[in-house]
Amino acid sequence: MPVITALPLRTRAASTGEEAHHIPESRAGVITFEAVYECYLDRVYAYLRARSGSVEDAADLTQQVFLQAFEGFSRFRGGDDQIPAWLFRIVRNLLSNHWRRHRATVTWDVVPEALQPRTEYAVDVGLLRHEALLPLRALLRALKPNTQELLALRFVAQLTVPEIAAVIGKSEAATSKQLSRALSRLKEHYHAHD
Amino acid sequence: MPTIDTRYPDLLDEHAAPDQRRIVSAMDALATTYAPPADVRASLVKALRDRAASGTVSTKAGRASWLRTRSRRSVLLVAAMIAAVLAGTAAATGVSPLTDQALAPYPNVYETGIGQIVTKDLGVHLSISRSVCGFTMQVTRAYANTHEVVVAYTLSGPSGRSWNPFFFSASTTMRDAQGDVLPFAGGASTGSSALATSTVANGDYTAYAMSHLDPLPKILTLRLTVQAVRGVERLGTASPVRRSCEAYFKASSAGPTSPYGAGPTRWVQAHGAAIMTFSVPIDRRTRAIPVHRAVTAAGVTLTLDRADVTPIGTQFSLQGAGAGSFDGKLSLGVVGHRKTTQWECYSNASHGTISCDAPLYDYHGPVTLTLRAVHWVTGKPTLPGGPWTFHFTMP
């Protein structure tokens, strides 16, 4: 059994930027790795679930992301408003490696909440929503991979356009334009299903 | 809860067309179906804890034997991930002592048996300080029940030098009023999330077994001897301090690649002796629950005789070959919520018992205890097959 100790609970000072409101600060006004973990776990998992092939892959990749982030957090020199881009670049790299290894292109897979029902009500709601969203899932699967990625970063990971631009390495203007175009295309075909 | 307009201000301004609103709503609904399963968080916490622990102790380093004396009673002590919660709790309740963080790393999120000392304010509050070669130990709290004594304390290094707040530890001996030694039964530590800059200290607790005392007195008088205190010192450009009461070791596990900080460091062990004497009332509440279940797996039959539940933990008595070599997980299914909570358990080889850091004293319902035969240091399986799974109900 190894010596038990704590993770570094304080590492870097928080700025007063808008994003700081999203990450809980300690009393001393620092952003901790744990706060980053708490703030982004659901979003990282959701993104990986949407972009990988299975619940198991998403769980495994999520673990890899946070272990890698943990290793690198003490060396991260950006401001706290740069944490989403930093974290999702790790996500992106790991996902690319995952795809290279598995040669899988399954994206926007069906993950109804019904697979993890908590109550009978939740099962019903989940199934109904699942049914209603099937056409949209089909449309998404038909999009180019980079467009799927863009939409997943905006809607699943809940990143802002500047954050997405930082992750994918494009300008904010180009990112915004590409996002608009993707939504317009979806909109057009989604209505055709009505 | 943010509305869809506040989540997507770039896509939904006040002039947004209905079809734009509809596609954004549909995309948002689709995205929210991707919720992480309950076990993802638990397994990730464990992985991070393991990573933190492996970063702390390098198996390649010729580390001193005293490093092995700490540990067990792990239970996700590391706490790590819950610092956000800690920060919130601290803000809500005022100062949260370092020792409370060691005992209850994630109050209201993941309740542990030992954490009940904090959440239910068990035992006595103390403030006894002693120094060993300039290192200071301050005992802040003690709790005793029919099975064990738990003492919580802070450790800090000599002033004027730079100490890593996450690596302090101490070697101690606990004796009762008759001078009999209470065996070490576990312990853990945590760093400081909020006080590290002003007070370079960490919070620890150590548990000692006390089942040898018969009959048990109402008030237990204890004598805690501190033989040595250790810490990791960050070295500057000047020549390192050398003192006759200190010994120095290479800090290979806290080097530049460690998440605990870059730069040259060294382990410092301060020798000396300091004694603290104090008294603590014995909490006699115990639920003895007969189980008498036998399970055979991999050709090995284990019998679970009974569970002894105290306000800060649960101990299971096992019979069978190698009964002392099993580690396990205690799962508790909460009826009506389809929810399962798990706690780590560890074996006590000399007693044939399994101790779980689970707060089950007020629990009545179904319980599952899953045991695996693993080496308690390496975690590697010692028997093929298994696990041995016991289902029973706590009345």
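Colleague: Before chain B, how are helices and strands defined here?
Modeller: Helices (H or I, at least four residues) and strands (E, at least two) are DSSP runs, numbered from the N terminus. This is a predicted model, in which local features need pLDDT of at least 70 and side-chain atom pairs count only at pLDDT 80 or more, while totals for chains, interfaces and linings use all residues. Residues are numbered from 1 along each chain as its sequence is written, and chains are lettered from A and ligands numbered from 1 in the order in which they are written.

Colleague: How many helices and strands does chain B have?
Modeller: Chain B has six helices and 18 strands.

Colleague: Switching to chain A, is Leu186(A) buried or exposed, and why?
Modeller: Leu186(A) counts as buried because it has 21 C-beta neighbours inside 10 Å, where buried requires 20 or more other C-beta atoms within 10 Å of a residue's own, exposed 12 or fewer, and partly exposed lies in between, with C-beta atoms placed from the backbone. Leu186(A) belongs to helix α7 (residues 172-192) of chain A.

Colleague: What is Leu186(A) in contact with, beyond its neighbours within four places in sequence?
Modeller: Leaving those neighbours aside, Leu186(A) contacts Leu139(A) and Ile23(B), contact meaning that the C-beta atoms, placed from the backbone, lie within 7 Å.

Colleague: And which residues of α5 in chain A are buried?
Modeller: In helix α5 (residues 145-156) of chain A, the buried residues include Glu149(A), Arg154(A) and Val156(A), and just after this helix Gln158(A) takes a positive phi of about 60°.

How values were computed. Contact = placed C-beta atoms within 7 Å.
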